[in-house]
Amino acid sequence: MKKTLLAILLSAGVMMSAVAQDTKESDVPTAVKTSFKSAFSNAKDVEWKKKEGNYKAKFEINGTDYIAYYSADGKIISKGLKIRRSELPAAVTDAVKNGYAGRTIDNVYRMDKNGTAYYLVKLEGDPDTKVLFTADGQVAKEKID
């Protein structure tokens, strides 16, 4: 179990820390586009980025923002949807208050990776920071922007 959690956290960290390149849809592998369209057939305003060989899709469904990460062979790595700050677990809210004083929450995404929920919190302040939390408020990964 610990090895699985470590692998999840490391891959999430790679996704968060990698330098992203805007990517034209025509440059996204067919397997990725096929898998994406199968999972999110009603997605609108899709934007693609390439991060260390993986692909990130940022899109909208019925007015809600989503993100999804895919390997180059079309397998989904993780997916998430934008949520309100009030939807964060209390443990995550407390962790932000206690560990990131002076910064304000900009965006929040509830992420799913292999059936486990994580919370990606984008903080504005000095410095701007992206933090991936477990549901119990533990920091899984942190990236300073």
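Let me begin with the second largest cavity in this structure, because its lining draws at least two residues from each of three strands, namely β3, which covers 54–61, β4, which covers 64–70, and β7. I should say straight away that we are looking at a predicted model, and that the values I quote are computed from it.

The search of the whole structure finds three cavities of 30 Å³ or more, and the second largest of them has a volume of about 80 Å³. There are 10 residues in the lining of this cavity, and those that lie nearest its centre are K56, Y69, L120, K122 and K130. What classes of residue make up the lining of the second largest cavity? By class, five residues of that lining are nonpolar and five are charged, with no polar residue among them.

K130 takes me to strand β8, which spans residues 129–134. Six of the six residues of this strand are buried, so β8 is largely enclosed by the rest of the structure. If you follow the side chains along β8, T129, V131 and F133 point one way, while K130, L132 and T134 point the other way, and the residues on both sides are all buried.

Now to the neighbours of β8, beginning with β7, residues 116–124, which pairs with β8 in the antiparallel sense over six bridges. Within that pairing, V121 stands opposite V131 of β8. The two strands β7 and β8 form a hairpin with four residues between them, and in the turn G125 has a positive phi of about 150°.

On to β9, residues 139–144, which runs antiparallel to β8 and is joined to it by five bridges. Here F133 is the residue that stands opposite V139 in β9. β8 and β9 also form a hairpin, again with four residues between the strands, and in this turn it is G137 that has a positive phi, of about 90°.

Let me stay for a moment with T129, which has its place in strand β8. Is T129 buried or exposed? Its relative accessibility is 1%, and since buried means under 20%, T129 counts as buried. The side chain of T129 reaches the backbone oxygen of P127 at 3.0 Å. Not counting residues up to four places away in sequence, T129 touches Y100, R103, V121, K122, L123, E142, K143, I144 and D145, and K122 you will remember as one of the residues that lie nearest the centre of the second largest cavity.

For my last part I go back to the β3 side, and to the strand that pairs with it. Strand β2, residues 44–51, contains V46, and β2 pairs with β3 in the antiparallel sense over six bridges. In this pairing, E47 has K58 of β3 as its bridge partner. The hairpin of β2 and β3 has two residues between the strands, and in it E52 takes a positive phi near 45°.

V46 itself, at 30% relative accessibility, counts as partly exposed. Leaving aside neighbours within four places in sequence, V46 is in contact with F36, A57, K58 and F59. And where does V46 stand with respect to K56? The two residues are 10 residues apart along the chain, and their C-alpha atoms are separated by 9.9 Å. K56, as I said, is among the residues that lie nearest the centre of the second largest cavity, which brings us back to the place where I began.

How values were computed
Residues are numbered from 1 along each chain as its sequence is written. This is a predicted model: local features need pLDDT of at least 70, side-chain atom pairs count only at pLDDT 80 or more; totals for chains, interfaces and linings use all residues. Side-chain values use heavy atoms; hydrogens and water are left out. Buried means under 20% relative accessible area, exposed over 50%, partly exposed in between (1.4 Å probe, protein chains only). Two strands pair if DSSP finds at least two bridges between them. On a 1 Å grid over the protein atoms alone, a cavity is a set of points where a 1.4 Å probe fits but cannot get out, and a pocket is an open set with protein on both sides within 12 Å along at least five of seven lines; lining residues have an atom within 4 Å of a point. Grid points are joined across faces, edges and corners, and a volume is the space filled by probe spheres set on the points. Ala, Val, Leu, Ile, Met, Phe, Trp, Tyr, Cys and Pro count as nonpolar, Asp, Glu, Lys and Arg as charged, and the others, Gly among them, as polar. A polar contact is a pair of N or O atoms within 3.5 Å; within protein, one must be able to donate a hydrogen and the other to accept it, and residues adjacent in sequence count only if both atoms are side-chain atoms. Contact means heavy atoms within 4.5 Å.
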